[in-house]
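Got a model on the screen and wondering where to look? Let's go through it question by question.

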Amino acid sequence: ALLAKENQFLVDVFEAELPVAPRFLLGFSFSNALAHHRLSPGDRAATHHLARVLLRYPMALKPLLSTASSSANSGELKKLLRRPPFCDWEADVEDGGLLERLARLYAERSRRVWSAGENLAVLCEAAHIASRVYGEG
């Protein structure tokens, strides 16, 4: 849906009453956050929405950055990945690696979307916000 620029559709499905809440689906949560950003470019609330998703699924940042950016090994991004909650999420998640695997699959399948310059920039900005919020909590 993101590749087809069906941003409003993603938002509507996310907010719909369904048997399974989409907010509990890792890939859908990230896609919804990016759809909000695309519908309201420059809106700080959309960036903070993505930061909340990163706080819920911190294991997704590394695969998203790795698949989306050729500069994922830059010093700044490496430093970000060494900061909580992105460095120590395993202590809070006992799922046998399921969420990490889902994060890797989502990152690979959505590579074209997240590698776009503005999407990658908002991901990095949201990651900084998430790290700061986590540190304050």
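What follows is a short chat about this predicted model.

Me: How many aromatic pairs does a search of the whole structure find?
Reply: The search takes in the whole structure, not just one corner of it. The number of aromatic pairs that comes out is 4.

Me: What kind of aromatic pair do F30 and Y57 form?
Reply: Their ring centres sit 6.4 Å apart, and the planes make an angle of 45°. Stacked needs planes under 30 degrees apart and edge-to-face needs over 60, with the rest falling in between. At 45°, the F30 and Y57 pair is therefore tilted.

Me: How many residues apart in sequence are the parts that this F30 and Y57 pair ties together?
Reply: F30 belongs to helix α2, residues 26-39. Y57 is in the loop between α3 (44-56) and α4 (61-68). So the pair links parts of the chain whose separation in sequence is 27 residues.

Me: Is Y57 buried or exposed?
Reply: The cut-off for buried is under 20% relative accessible area. Y57 has 5%, and its partner F30 has 0%. Since 5% falls under that cut-off, Y57 is buried.

Me: Which residues form one aromatic cluster with F30 and Y57?
Reply: F30 and Y57 are members of one aromatic cluster. The other names in that cluster are Y106 and W114.

Me: Which residue meets R44 in a salt bridge, and in which helix does that partner lie?
Reply: A search of the whole structure finds 2 salt bridges, and R44 takes part in one of them, with 2.1 Å from N to O. R44 lies in helix α3 and its partner in residues 117-136, so the bridge ties together parts 81 residues apart in sequence. The partner is E125, in helix α8.

Me: Are R44 and E125 buried, partly exposed or exposed?
Reply: R44 has a relative accessible area of 43%, and E125 has 32%. Buried would need under 20% and exposed over 50%, so both values land in between. That makes R44 and E125 partly exposed.

Me: How far apart are the closest N and O atoms in the salt bridge of R111 with E108?
Reply: On the accessibility side, R111 comes in at 34% and E108 at 42%, so each counts as partly exposed. Between the closest N and O atoms of this salt bridge, the distance is 2.7 Å.

Me: Which residues form the positive surface patch?
Reply: K78 is a handy way in: this residue is in helix α5, residues 75-81. At 40% relative accessibility, K78 counts as partly exposed. The full patch is K78, K79, R82, R83 and R132.

Me: What is the area of the nonpolar surface patch made by L98, L102 and L105?
Reply: Take L102, which lies in helix α6, residues 98-109. L102 is partly exposed, at 37% relative accessibility. Together, L98, L102 and L105 make a patch of about 270 Å².

Me: Where is the cis peptide bond that has omega of about 5°?
Reply: Most peptide bonds are trans, so a cis one is worth a glance. One of the two residues here, P85, is in the loop between α5 and α6. The cis bond joins P84 and P85.

Me: What is phi of K5 near?
Reply: K5 sits in the segment before α1 (7-15) and is exposed, at 62% relative accessibility. Most residues other than glycine have a negative phi. K5 has a positive value, near 60°.

Note on methods: Residues are numbered from 1 along each chain as its sequence is written. This is a predicted model: local features need pLDDT of at least 70, side-chain atom pairs count only at pLDDT 80 or more; totals for chains, interfaces and linings use all residues. Side-chain values use heavy atoms; hydrogens and water are left out. Patches are made of residues with over 30% relative accessible area and no salt bridge: like charges are joined within 9 Å, nonpolar side chains (Val, Leu, Ile, Met, Phe, Trp, Tyr) within 5 Å. Accessible areas come from the Shrake-Rupley method with a 1.4 Å probe; for residues, only the protein chains shown count as cover. A salt bridge is a side-chain nitrogen of Lys or Arg within 4 Å of a carboxyl oxygen of Asp or Glu. Lys and Arg count as positive and Asp and Glu as negative; His and the chain ends are not counted. The place of a charge is taken as NZ of Lys, CZ of Arg, CG of Asp or CD of Glu. Helices (H or I, at least four residues) and strands (E, at least two) are DSSP runs, numbered from the N terminus. Buried means under 20% relative accessible area, exposed over 50%, partly exposed in between (1.4 Å probe, protein chains only). Rings of Phe, Tyr and Trp (its six-membered ring) pair if their centres lie within 6.5 Å; planes under 30 degrees apart count as stacked, over 60 as edge-to-face and the rest as tilted.
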